[in-house]
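Q: Could you take a close look at one part of this structure, the open sheet in chain A, and set it in the context of the chain around it? I would like a connected explanation that a first-year student can follow.

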Amino acid sequence: MCGIAGILGGSGKFGPERSRLERMIRQLQHRGPDGFGFLERRDIGLAHARLSIIDLETGGQPISNEDGSIWTILNGEIFNYPELRRELEALGHGFSTRSDTETIVHAYEEYGDDFVLKLNGQFAIALWDERRRRLILARDRLGIRPLFYTWEEGALLFASEIKAIREIHPRGLELDIAGLAQVFTTWGTAGSRTVFAGIETLPAGHMLIVDDGGHRVKRYWDWKFQQTFIAAPSFEDAAVQLRDLLVDAVRMQLRADVPVGAYLSGGLDSSGIVSIVRRYSSSPLRTFSISFDEAEFDESEHQQQMARFLGTEHETVRCTRRQIGELFPDFIRHAETPVVRTAPVPLMILSRQVRESGLKVVLTGEGADEVWAGYDIFKEGKIRRFWAEQPASTCRPALLARLYPYLRHSPVSNRAFATNIFGRNLLDTANPGYAHGTRWATTRRLWNLFSEDVRSQLRTAAATVDPGIDLPAEFAGWEPLARDQYVEAKTLLEGYLLSSQGDRVAMAHSVEGRVPFLDHRIVEFAATLPARYKLRGLHEKAVLKAALADLLPAEICARTKQPYRAPDAPCFFTDGAPLPYVQELLSDRSLREAGYFDAGAVRHLVEKCRAGRAIGFGDNMALVGVISTMLLHQQFVGAERRAGLVQRQRVQA
Amino acid sequence: MSIREEVKAFILQNFLFSSDTSALGDSDSLLEKGIVDSTGILELVTHIEEKYGIRVLDEEMLPSNLDSVAAIAAFVAGKRAA
């Protein structure tokens, strides 16, 4: 794991000189504190910040092929490198290191642009072909590792985090209003959009190729659900095959020349990963988890139970509201986007604990809920579609009472109103965002806080912000659950969980998170199975539970999914007053100068939160959204710019 | 301030964070306009119970009583008269 940065084709103030590359890569030192490496050529400069995990002696980067005509830098891991290396050596390629990175250059020599299909891993890659004067940027299939780029005066600037681009950017950055609106709908930006105008992200499963013929972004992989299941295995066989795949994914992801730990949330997914490590490897295992003072969020009882059952050396970090509030600005500096939840902050505290314990790699259970349908939003979609078939039925909406049992103020607690709320757009079942509509509407209440200026910009841009994802041609032919899963993967998973709540908070303390459930072989296998294997009636993750049943205590398998959450609005107040930085950031003056929000509206919101009257998601998300946007503005945009004319022109263009 | 005006001011300030009375019509559906969600209903009921000294029974927690400024004002007036 590491940080990468580079410049292609620049001259003058974007020339790929060493000093400029050093400025960029120094911004990414938290991602790779173990040393820098550089390549300087006439047309290109590459920079690498290293976190040593595989091949500690000779694994420095950039790495080249035998004659130095092809160079690469890698952020991430190629888990199948021993197998791939054997394959390439048999074809006559000579290796000079033991590093996983070296397989990339030889695979490119052998397979051309399809090299990326040979890689099993989580990666952001830059590859330079000196002979053909050709640069390839590639990002892993699921979007686990980040990669951003921008064009400036004909030069391509790219990096693992936006702050490295900002460091050499001539004009400084501006927030993109349509990007903000997307975050305040689906929790993250989608596709190539970021919240910064002119800065793009390479979407998951895509590559960017730049050569004499110009530049093009190409999709090389996507979630491909089946439309028919004639060839699908039986449920029992599917569970057996899934078990084998999971064991193999975990085995591969344990590959490292340093010890590997694991996060233990107390739920099925992380417990499953840890139990596989215990059963199938001899690695001693250290596990880590978060606990809270508030019973509504705390899962320590289940975590302790699992740690005892699995016999791991277990550490728990207790997170307080105070810590979350105080560390929030630091988190935003890492996340480089507004957020509507504070939940990533405890994970940043946890990665610090991991690092202080001497580890730099952890396995996590992320991804299982998306691939195997663990979230209540999938049940919500299923119940509403069932109800939509007979809209007059009163029994069908009664099933809604089964949803969200873990919430103190559940949206289904009053049946008359729940029926009304979930009945909105009931018959609009062909809408790709059908299952997500209620959640998006709740998040969008934050739009009420936008300034009149921003609102008028959004009225002209409305068509581009919802939901912002390119749907595959076959989408409409998939089962409803598959459609909901695809939308979930392209919005929340890619745009928030893997980034703000994944890579960024782990790398903040130089810790690499590995996600075995997102081994692409597992994602591809899941897509060949019918929806009923995943959501059986209203029982989530059915085939996954069957695959793990003999490894886990029955009560863990039977436990209803509890999504990971943390306290939100209360974190920003102490003794009945906002934290000093919040007070300053949300003052009428700061808000007016920045221009995004209506100062009067924010005052009402802050008072409601301060008085402890913000009990719903909408208000909590609004406060976190406003504070994070203002922090981002302060940290990345600067006081001299406001949400003004430049964005308006961009949005309309 | 009439009950209707007071209820409207509460909804504007508490859910729309606004003092602009033109932002909400008296008969606008709070649910359909996305102004109030289910936790919002709890906030609303708590408010009118405290403010007007009434008890809202479970069977009265219905959209027909609570889904617009006009409906709420009529409901509260009816309860107080009862």
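A: In this predicted model, buried residues make up 54% of the 653 residues in chain A. The radius of gyration of chain A is 24 Å, close to the 26 Å that the globule rule gives for 653 residues, so chain A is as compact as a globular protein of that length. Taken along the principal axes, the box that the C-alpha atoms of chain A fill is roughly 70 × 60 × 45 Å. If one takes the contacts in chain A between residues at least 6 apart in sequence, 72% of them join residues at least 24 apart. Chain A holds 27 helices and 19 strands, and the sheet you ask about is built from five strands.

The order of the strands across this open sheet of chain A is β15-β14-β13-β16-β17, and their pairing is parallel. At the edges of the sheet stand β15 (313-319) and β17 (512-514) of chain A, each of which pairs on one side only. Neighbouring strands of this sheet are turned against each other by 30° on average, when direction is ignored.

One pairing within the sheet can be followed down to single residues. Strand β13 of chain A, which covers residues 260-263, pairs in the parallel sense with strand β16 of chain A, residues 361-363, and three bridges join the two. For A:A262, the bridge partner in β16(A) is A:L363.

Helices also lie across these strands. Helix α7 of chain A (residues 268-280) lies across β13, β14 (286-292) and β16 of chain A, and runs at about 150° to β13(A). Helix α10 of chain A (residues 344-356) lies across β13, β14, β15 and β16 of chain A, and its direction is at about 140° to β15(A).

Beyond the sheet, chain A also touches a second chain, in a contact that takes 23 residues from chain A and 18 residues from chain B. On the side of chain B that touches chain A, the elements that give two or more residues are α1 (3-16) and α2 (38-52) of chain B, and α2(B) gives the most, with six residues. The residues on that side of chain B divide into eight nonpolar, eight polar and two charged.

Technical notes
Residues numbered from 1 in each chain as written. Chains lettered and ligands numbered in written order. Predicted model: local features only at pLDDT ≥ 70, side-chain atom pairs only at ≥ 80, totals over all residues. Contact = placed C-beta atoms within 7 Å. Helix = DSSP H or I, 4+ residues; strand = E, 2+ residues; numbered from the N terminus. Nonpolar A, V, L, I, M, F, W, Y, C, P; charged D, E, K, R; others polar. Rg over C-alpha atoms; globule rule 2.2 N^0.38 Å. Buried ≥ 20, exposed ≤ 12 C-beta atoms within 10 Å, placed from the backbone. Pairing = 2+ DSSP bridges. Axes fitted to C-alpha atoms, helices over the stretch in contact; angles between N-to-C directions.
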